[in-house]
Amino acid sequence: MLYDVAIVGGGPAGCSAAVTAANRSLSVVLFDTGDFGLALRKSPLVKNYLGLPDQSGTALMDAFTAHMRAAGTTVIPHKVLSILPGKGSFMLATPGDVYQARSVLLCPGAAHGKSLEGEDGYLGRGVSYCATCDGYLYKGKTIGVVTNLPSAWEEVEFLAGLAKEVRLWSDFPLPEEKPANLRVMEGRPLKVLGGEKMDALETTAGTIPLEGLFLLRETDPLEKLLPGLVLQDRFIQVDGKLATSVPGVFAAGDAAGYPWQINKAAGEGQKALLSAASWLRENPA
């Protein structure tokens, strides 16, 4: 199916954009790993969201996602790994399939932590962002997983079914029942080490030898997502209409810059979608 709009990210900006798309009778698909606004969900109390003061972040996100789903949005519970522009449309690749849309709205949130030192240099040489894509390359090996996503537990279990041992660094509560070959590690990951391929992870608790490393995050480096996407500092560069450097691609929310506020993200999601709707009218299929 060719969608009118593909929305990458299901936080406040993405949910707002999806509701607006439905109001404009545009076909829309939204991609989210299933955590839906993980950064907001970590807020115990939000006092400044207009009309709904003193709500928890989880309560707000649950309301946003319920509204988005009620609008009839198609939700794909996978991360978008890459976006490729084509003739009149974009191809969005996930671990499970490839989807097609006439325009794209980037609302992936912002990476609230830094990339590991050495990570970029070893991408594809022992470092991966996708368990489903690359897990079979490490069958019978000792691998590491660094993640901040509760929804990534399924991928951790998948990797444990392939690897000799999985060494896990995570910052969320884990299930009581764990694979026998899973080892929960101490310390904070700092640097990827190696020669031609990565072979160790330096942490605050010491250097850990590994044969592969999976980094499962809510937001991967934005510059790897879409060819030609221009960044300004750590954010996606947008104009007054929230259009990016790639025609037909728009951005909203934390990924488009400060301030990191829920009201701003929701408003930008609506504005970016309206800009995308105008672009679609001006560029008919």
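How many residues lie between S11 and S12 in their hairpin? I looked this up first. The model is a predicted one, and in it three residues separate S11 from S12 in the hairpin.

**Entry: the antiparallel sheet**

I then followed the two hairpin strands. S11 covers residues 189–194 and S12 covers residues 198–203; they run antiparallel and are joined by five bridges. I picked out one pair for reference: Val 192 has Leu 201 of S12 as its bridge partner.

I asked which sheet this hairpin belongs to. S11 and S12 sit in an open sheet of three strands, ordered S11-S12-S13, with antiparallel pairing. I noted S11 and S13 (206–209) as the edge strands, each pairing on one side only. Direction ignored, neighbouring strands here are turned against each other by 25° on average.

For the other pairing in this sheet, I found four bridges between S12 and S13, again antiparallel. Leu 201 turns up once more, with Ile 208 as its bridge partner in S13. I wrote down that Leu 201 is thus bridged to Val 192 and to Ile 208.

**Entry: the parallel sheet**

Next I looked up the open sheet of five strands. Its order is S7-S14-S8-S9-S10, and the pairing is parallel. The edges are S7 (127–128) and S10 (182–184), which each pair on one side only.

I checked one pairing inside this sheet. S8 (residues 142–147) and S14 (residues 212–216) are paired in the parallel sense over five bridges. Among the partners, Thr 147 is matched with Leu 216 of S14.

Which strands does H5 lie across? I found H5 (residues 153–160) lying across S8, S9 (165–170), S10 and S14. Relative to S9, H5 runs at about 160°.

**Entry: the disulfide**

I searched for disulfides and found one in the structure. Cys 130 and Cys 133 form it, with 2.3 Å between their sulfur atoms. I also looked up its hand: the torsion about the S-S bond is about 70°, so the disulfide of Cys 130 and Cys 133 is right-handed.

**Entry: H1 against H6**

I turned to the helices. The axes of H1 (residues 12–23) and H6 (residues 262–282) come within 7 Å of each other and cross at roughly 40°. An angle under 35 degrees would count as roughly parallel; H1 and H6 are therefore oblique to each other. Their crossing is right-handed.

I listed the residues in contact. H1 contributes Pro 12, Ala 13, Ser 16, Ala 17, Thr 20 and Ala 21. H6 contributes Ile 262, Ala 265, Ala 266, Gly 269, Gln 270, Leu 273 and Leu 274. By class I noted nine nonpolar, four polar and no charged residues in the contact of H1 with H6.

**Entry: H1 against H3**

I then asked how H1 sits against H3. The axes of H1 and H3 (residues 57–70) come within 9 Å and cross at roughly 25°. H1 and H3 are therefore roughly parallel to each other, and I recorded their crossing as left-handed.

From H1, the contact uses Pro 12, Cys 15, Ala 18 and Val 19. From H3, the contact uses Met 61, Phe 64, Thr 65, His 67 and Met 68. I noted seven nonpolar, two polar and no charged residues in the contact of H1 with H3. Pro 12 is listed in the contact with H6 and also in the contact with H3.

Methods:
Residues are numbered from 1 along each chain as its sequence is written. This is a predicted model: local features need pLDDT of at least 70, side-chain atom pairs count only at pLDDT 80 or more; totals for chains, interfaces and linings use all residues. Side-chain values use heavy atoms; hydrogens and water are left out. Two strands pair if DSSP finds at least two bridges between them. Axes are lines fitted to C-alpha atoms, for helices over the stretch in contact, and angles run from 0 to 180 degrees between N-to-C directions. Angles under 35 degrees count as roughly parallel, over 145 as roughly antiparallel, 65 to 115 as roughly perpendicular and the rest as oblique. A crossing is left-handed if the near helix is turned anticlockwise from the far one by less than a right angle, and right-handed if clockwise. Contact means heavy atoms within 4.5 Å. Ala, Val, Leu, Ile, Met, Phe, Trp, Tyr, Cys and Pro count as nonpolar, Asp, Glu, Lys and Arg as charged, and the others, Gly among them, as polar. A disulfide is a pair of cysteine sulfur atoms within 2.5 Å.
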